[in-house]
Amino acid sequence: MFSNINKPLIMGILNITPDSFSDGGKYSGLDAAMRQVELMLAEGVDIIDIGGESTRPGAERVAAAEQISRVVPVIKAIRQQAYDVLISIDTTLSEVAKAALDAGADMINDVAGGREDAAILTLAAQTGAPIILMHSKGDPKTMQDNPHYQNVVQEVLDVLNESIDAALKAGVKKQAIAIDPGIGFGKRKQDNLDLLAHLDRFVATGFPVLLGASRKRFMGTICDVTEPSELVTATAVTTALGVMAGVQMFRVHDVEENRQAADVAWAIKQSR
């Protein structure tokens, strides 16, 4: 799947959780979740990323069985409607990923990059499901306590290369791997800015890159706003910059605005 991306893809976030940082509780019911799916489809989404565990800073962990009970009914409902959209399961646990794939999900989005549950890499290899490997420092509960880097770009690349090597050794095909620098996951404001300024370094690995900067807190400190929902424009800026740097996928809360940003940036990039 990742080997034939010919334009920027928009991944819409669907958190089936009570405590996500921006939209916790909004889509925890099946009807509300499906209304959001329909809205994102109308706005031009390519992939819907469904998660049953919040990964906001300070979040408590959610057991596999609870994650499965949250996400599987939504995945099945989307497939029953025969919507033409890819589904990603946002989890670090192989048990959740397997249940989601069995229900009709197409790919795995692992914010732990295979480092929490190595069986998720084996699962990706056995099923042929594409997997996105993200960099994070620590788990959500502690990742923002005191993150520190000497050279954040190189250190994140090093960890991602370790995840890639582990995935390949587990049998995952190279063309089924994408990477994500993990904006906001165990990063300070300057770390996030440095990563965004050097997205080309991640693109240069040859693996497709996913950018997940949507509504992140560090942009609020720049824009002097506290509500994540006020960072739609700021997010669209990161999407446009990402397209120009060669990023191919964008994980966002606000599909329409980021679809426009990606499409305009892509048209400009194509005219170079």
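Where is the place of Ala 118 in this chain? It sits in the loop between β4 and α4 (119-127), where helices (H or I, at least four residues) and strands (E, at least two) are DSSP runs numbered from the N terminus.

Before I go on, a word on the model, everyone. It is predicted, so to speak of local features we need pLDDT of at least 70, side-chain atom pairs count only at pLDDT 80 or more, and totals for chains, interfaces and linings use all residues. Residues are numbered from 1 along each chain as its sequence is written, and side-chain values use heavy atoms, with hydrogens and water left out.

Back to Ala 118. With 51% relative accessibility, Ala 118 counts as exposed, because exposed means over 50%, buried means under 20%, and partly exposed is in between (1.4 Å probe, protein chains only). Its C-alpha atom is separated by 22 Å from that of Met 1, which is 117 residues away along the chain.

Now the whole chain. There are 10 helices and eight strands. The C-alpha trace spans about 40 × 40 × 40 Å along its principal axes. What about the radius of gyration, taken over C-alpha atoms? The chain has 17 Å, which agrees with the value near 19 Å for a compact globule of 272 residues; that rule is 2.2 Å times the number of residues to the power 0.38. Buried residues make up 55% of the 272.

Let's look inside. A nonpolar core here is a set of buried Ala, Val, Leu, Ile, Met, Phe, Trp, Tyr and Cys residues joined through side-chain atoms within 4.5 Å. The largest one has 69 residues, and Leu 14, Ile 50, Ile 108, Ile 131 and Phe 202 have the most contacts inside it. Helix α2 (residues 64-80) gives this core its largest share, eight residues. Apart from it lies another core of 10 residues, including Phe 2 and Leu 210.

And which residues does Ile 108 touch, leaving aside neighbours within four places in sequence? Counting contact as heavy atoms within 4.5 Å, the partners of Ile 108 include Ser 88, Ala 97, Leu 123 and Ile 131.

Next door in sequence, Asn 109 belongs to strand β4 (residues 107-110). Is Asn 109 buried or exposed? Asn 109 counts as buried, because its relative accessibility is 2%. Beyond its neighbours within four places in sequence, Asn 109 is in contact with Met 11, Asp 49, Asp 90 and Arg 251, among others.

Thanks for listening, and do have a look at the model yourselves!
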